[in-house]
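Reader: I'm new to reading protein structures. Could we go through one together, step by step?

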Amino acid sequence: MIMRSLLFVPGDRPDRFSKAIASGADALILDLEDSVSLGRKTHARQAISEFTSIEQGLPVFVRVNPLTSRLLEEDLQAITDSRITGLVLPKCESGSDVQMLSSQSGRPDLKILPVTTETPKAVFGLSSYANSASTLAGLTWGAEDLPVAIGASSSREDNGTYTPPYELVRSLTLFGAHAAEVPAIETVFPDIRNLDALAAYASRGRRDGFSGMMAIHPAQITVINDAFTPSADEIAHARKIVAAFAADPDAGALQLDGMMIDAPHLKQARRLLSL
């Protein structure tokens, strides 16, 4: 399942569902949590239930309300017979929460994408997801709820970069995902008009080891997809590395284009080509 881009759509805006399908996103996240007011939850559940009663041609996730919320039971009832790929679990604090949601959903077929850094406790659970790997669609993180939870005024510097505490939780999510051997999904970029800054942010994410990114507007999809798709030059270089070792399989290290390459370079090249 390729998930370079995952587009959020408010669950109470069914008029946007088809547009989201046509956006080029690799997956949709139909939201029942933060983007839907309490008075609109029932409408959103009905709209999502109707939309997901048939296959949509791409992975569709539903972001339910947190495990501690009284709203979760009704969320899960709305997707009982739906043809969705999985659930996004906000305020997730550990792999145990993933297993709990899987059990409560009654749908062991569904993959779960937890948002893993929205409470202080969750930060200390980022090493706990390996035992839930078969249930996971990946791990992602957020930088909006945690500052509120700890009384911070912001998660960002004046220039838009993250402050040190949120760089830390981003990194821990990245390593937690790779420790569990599941995709690491970068969080959203809130400035929907600044596509140049988005391109730089998404490219940094791929450079650091994220395999995809969440989006909040269709205009962001092409930029994100491009950032998480290897370029022609990268593919050509990776093929040269693979070919070099194929020609000399007993070599521990080789010289290629004036640079020394060894086993980690070969592994990285194979991974890039697998994308």
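Author: Gladly! Let's begin with a term: two strands pair if DSSP finds at least two bridges between them. Keep in mind that this is a predicted model.

Reader: Thanks! Then which residue is the bridge partner of Ile-29 in β3?

Author: Start with the two strands, β2 (residues 27-31) and β3 (residues 60-63), which are joined by four bridges. They pair in the parallel sense. Within β3, the partner of Ile-29 is Phe-61.

Reader: And which residue in β1 has Ile-29 as its bridge partner in β2?

Author: Here we look at β1 and β2, which run parallel and are joined by five bridges. The residue whose bridge partner in β2 is Ile-29 turns out to be Phe-8.

Reader: What is the order of the strands in the open sheet?

Author: Strands of a sheet pair through backbone hydrogen bonds, either parallel or antiparallel. In this open sheet of eight strands the pairing is parallel. Reading across, the order is β5-β4-β3-β2-β1-β8-β7-β6.

Reader: Which strands stand at the edges of that sheet?

Author: Look for strands that have a single partner strand, so that one side is left without a neighbour in the sheet. Two strands fit that description, and they are β5 (111-114) and β6 (139-140).

Reader: How many of the six residues of β1 are buried?

Author: In a regular strand the side chains alternate between the two faces of the sheet. From β1 (residues 5-10), Ser-5, Leu-7 and Val-9 point one way, while Leu-6, Phe-8 and Pro-10 point the other way, and all are buried. The strand is therefore largely enclosed by the rest of the structure, and the count of buried residues is six of the six.

Reader: What about β8: which residues lie on its two sides?

Author: Strand β8 (residues 212-215) is covered on both faces, and the residues on its two sides are all buried. One side has Gly-212 and Met-214, and the other has Met-213 and Ala-215.

Reader: Which residue of β8 does Ser-5 stand opposite?

Author: Strand β1 pairs with β8 in the parallel sense over three bridges, and Leu-6 has Met-214 as its bridge partner there. On the β7 side, β7 (residues 184-186) and β8 also pair in the parallel sense, over two bridges. Glu-186 stands opposite Met-213 in β8, and the residue opposite Ser-5 is Met-213.

Reader: Let's move to the helices. Is α10 parallel or oblique to α11?

Author: The axes of α10 (residues 232-247) and α11 (residues 263-274) come within 9 Å and cross at roughly 130°. Angles over 145 degrees would count as roughly antiparallel, and 65 to 115 as roughly perpendicular. The crossing angle therefore makes the relation of α10 to α11 oblique.

Reader: How many nonpolar residues are in the contact of α10 with α11?

Author: α10 passes α11 in a left-handed crossing. On the α10 side the contact includes Ile-235, Val-242 and Phe-245, and on the α11 side Leu-266, Ala-269 and Leu-273 are among the residues met. By class there are one polar and three charged residues, and the nonpolar ones number nine.

Reader: And how many charged residues are in the contact of α7 with α8?

Author: The axes of α7 (residues 164-179) and α8 (residues 195-208) come within 11 Å and cross at roughly 50°. Glu-167, Arg-170 and Leu-174 of α7 make the contact with Arg-204, Gly-205 and Asp-208 of α8. One of these residues is nonpolar and one is polar, and the number that are charged is four.

Reader: Does Leu-76 count as buried or exposed?

Author: Leu-76 lies in helix α3 (residues 72-78). Leaving aside neighbours within four places in sequence, Leu-76 is in contact with Val-64, Leu-87, Leu-101, Gln-104 and Ser-105. Buried means under 20% relative accessible area, and at 7% Leu-76 counts as buried.

Reader: How far apart in space are Leu-76 and Ser-105?

Author: In sequence, Leu-76 and Ser-105 are 29 residues apart. In space, going from C-alpha to C-alpha, the distance is 5.8 Å.

Reader: Finally, is Glu-181 buried or exposed?

Author: Glu-181 is in the loop between α7 and β7. Its phi is near 60°, a positive value in a residue other than glycine. Exposed means over 50% relative accessible area, so at 74% Glu-181 counts as exposed.

Technical notes:
Residues are numbered from 1 along each chain as its sequence is written. This is a predicted model: local features need pLDDT of at least 70, side-chain atom pairs count only at pLDDT 80 or more; totals for chains, interfaces and linings use all residues. Side-chain values use heavy atoms; hydrogens and water are left out. Axes are lines fitted to C-alpha atoms, for helices over the stretch in contact, and angles run from 0 to 180 degrees between N-to-C directions. Angles under 35 degrees count as roughly parallel, over 145 as roughly antiparallel, 65 to 115 as roughly perpendicular and the rest as oblique. A crossing is left-handed if the near helix is turned anticlockwise from the far one by less than a right angle, and right-handed if clockwise. Contact means heavy atoms within 4.5 Å. Ala, Val, Leu, Ile, Met, Phe, Trp, Tyr, Cys and Pro count as nonpolar, Asp, Glu, Lys and Arg as charged, and the others, Gly among them, as polar. Buried means under 20% relative accessible area, exposed over 50%, partly exposed in between (1.4 Å probe, protein chains only).
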